[in-house]
Amino acid sequence: MSPADRYSQLRERAIVHESARDPRDWAEQELQAAWFAGAFGRDFTTTDGRKVRIVQFGVWNHEAGPDFAEAAVSFDDGAAERGHIELDPDARDWERHGHATNEHYNGVVLHVFLDRGDAEFFTRTTEHRRIPQVLLDPAMLDEPPTPQPEAKPGRCVAPLRAMPEERVREVLYGAAQFRLRRKGAALARTTDLHGADETLFQSLAGTLGYKSNKLPFTLLAQRLPLKLLRAAKDDVEALLFGVAGFLNQNDLGEFDTPTRVYLRSLWERWWPRRAEFERLTIPHELWKMSGQRPANHPQRRLAALAQLVRHWPSVRSLRDDCVADDIAKFCSKLRDEYWDHHYTVTSKPSAKRMALIGESRVTEMLANVFLPIAINTDPAKWITFKNLLATLSNRRVEIAALRLFGGSSITTSLLKSAAAQQGLLQIYEDFCQRDASDCQHCLFPSQVAKW
Ligand code: SF4
């Protein structure tokens, strides 16, 4: 049995499911991004008991009307019906937001929501057509994060300390391999909905946004699909910056000359297309602009995303071959005349050239995108993952290490491995983040002692 299967077995025996974060607490945009990525699946039952399959998730609608256009759904295995899909946190939002009296919503073929209150609610159009409804089940979600547990050593420190180091590593690698397979399965689901290239594009964008801006980056890549951007040729960067909401300021006087030239060139390309895409603009409040290293500023990372679009045939072959050194070499060569020397549009130019996609981002892309995709067809890629060096740690990894290992010296060597970090995170999410008993009812210590 592989370590991943052993970990999966341990997890099944020990995991407590109740305390997952409820998607009803999510922001509407977060819910829509998860739906579009296929996180709830594609097969459902309508509230009146019919089977429904989302044949095509469509595109984010950039015109007035429902959330997703050009979708197609099939009821009871019948022929696919084309139309729009509206997704609301609550079924009653349909009336509250006036959709029942708005003819832009007449083409909706499915109304999806997470809640509907106690009374039965019918979704109807201005023509009094009744629209089939789907009530989403939060339990369909794969990875529900929960609040951070307190950062202190947990009850599993003792059994883990009593185990030989080799076995501890095996547990962590088992959890890491399990995590890799799960990510691979999630990406395969998205590929099923949107195709291999769009999936790669959306997930690389999410990695560039990680972690403070993962949601707006994912929304951007969903709303501006790769196919559209590739056809936009020289407008790629302008569309990305425009829909991101970064081109709203029309007074360029405060900037230095290179920045003025750069922003004006984006503006000139964005304004003729603004009306077409304005409705898709990412709300300002979703962006986190501060509290991160300047090199990670979302505008720099957006420029990196534009470069990936420009070099897409190479990105696609890097995915197909999935050789870590080649991916690192490709990223190190990406250039951008402006961003090579700027942290942000307001910072002074730096004399030293800065990598558009640095080493730590490459590791994240390998661990979260390229290798999970590769593992679906080539299980031997696990070895590449296992040998991947961690380029940075983060607060969650450090808390997880403290919870599981206390101040033990094993932590330092473990945290040098990206796979060990991923294994730690998996255990942390599976057990620590679901525990509400200050470790007392957690079954991980007893299960791991039997490993
Ligand atoms: S919740 Fe479980 S896994 Fe987490 S620190 Fe406590 S005993 Fe260990």
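## Ligand site

In this predicted model, the ligand sits in the largest cavity. The residues around the ligand include Gly 154, Arg 155 and Cys 156. Further along the chain, the surroundings of the ligand also take in Arg 403, Phe 431, Cys 432, Asp 435, Cys 439, Cys 442, Phe 444 and Pro 445.

By residue class, this shell divides into 7 nonpolar, 1 polar and 3 charged residues. The cysteines are counted as nonpolar here, and Gly as polar.

## Domain layout

The domain assignment splits the protein chain into domain 1 and domain 2. Domain 1 is made of the segments 1-14, 22-27 and 143-451, while domain 2 covers 41-136. Taken over C-alpha atoms, the centres of domain 1 and domain 2 are 32 Å apart.

## Interface between the domains

The size of an interface is often given as the accessible area lost when the parts come together. Domain 1 and domain 2 bury about 1100 Å² between them, with 59% of that area on carbon and sulfur atoms. On the domain 1 side, Arg 24, Leu 193 and Arg 279 lose the most area to domain 2, and together they account for 45% of what that side buries.

In terms of contacts, 11 residues of domain 1 touch 11 residues of domain 2. The two domains have 1 salt bridge between them. A salt bridge joins the side chains of Asp 192 and Arg 42, with an N to O distance of 2.9 Å.

Methods. Residues are numbered from 1 along each chain as its sequence is written. This is a predicted model: local features need pLDDT of at least 70, side-chain atom pairs count only at pLDDT 80 or more; totals for chains, interfaces and linings use all residues. Side-chain values use heavy atoms; hydrogens and water are left out. A residue is near a molecule or strand if one of its heavy atoms lies within 4 Å of it. On a 1 Å grid over the protein atoms alone, a cavity is a set of points where a 1.4 Å probe fits but cannot get out, and a pocket is an open set with protein on both sides within 12 Å along at least five of seven lines; lining residues have an atom within 4 Å of a point. A molecule sits in a cavity or pocket if more than half of its atoms lie within 2 Å of its grid points. Domain bounds come from an automatic or database domain assignment. Contact means heavy atoms within 4.5 Å. Buried area is the accessible area (1.4 Å probe) that two parts lose on being put together, summed over both. A salt bridge is a side-chain nitrogen of Lys or Arg within 4 Å of a carboxyl oxygen of Asp or Glu.
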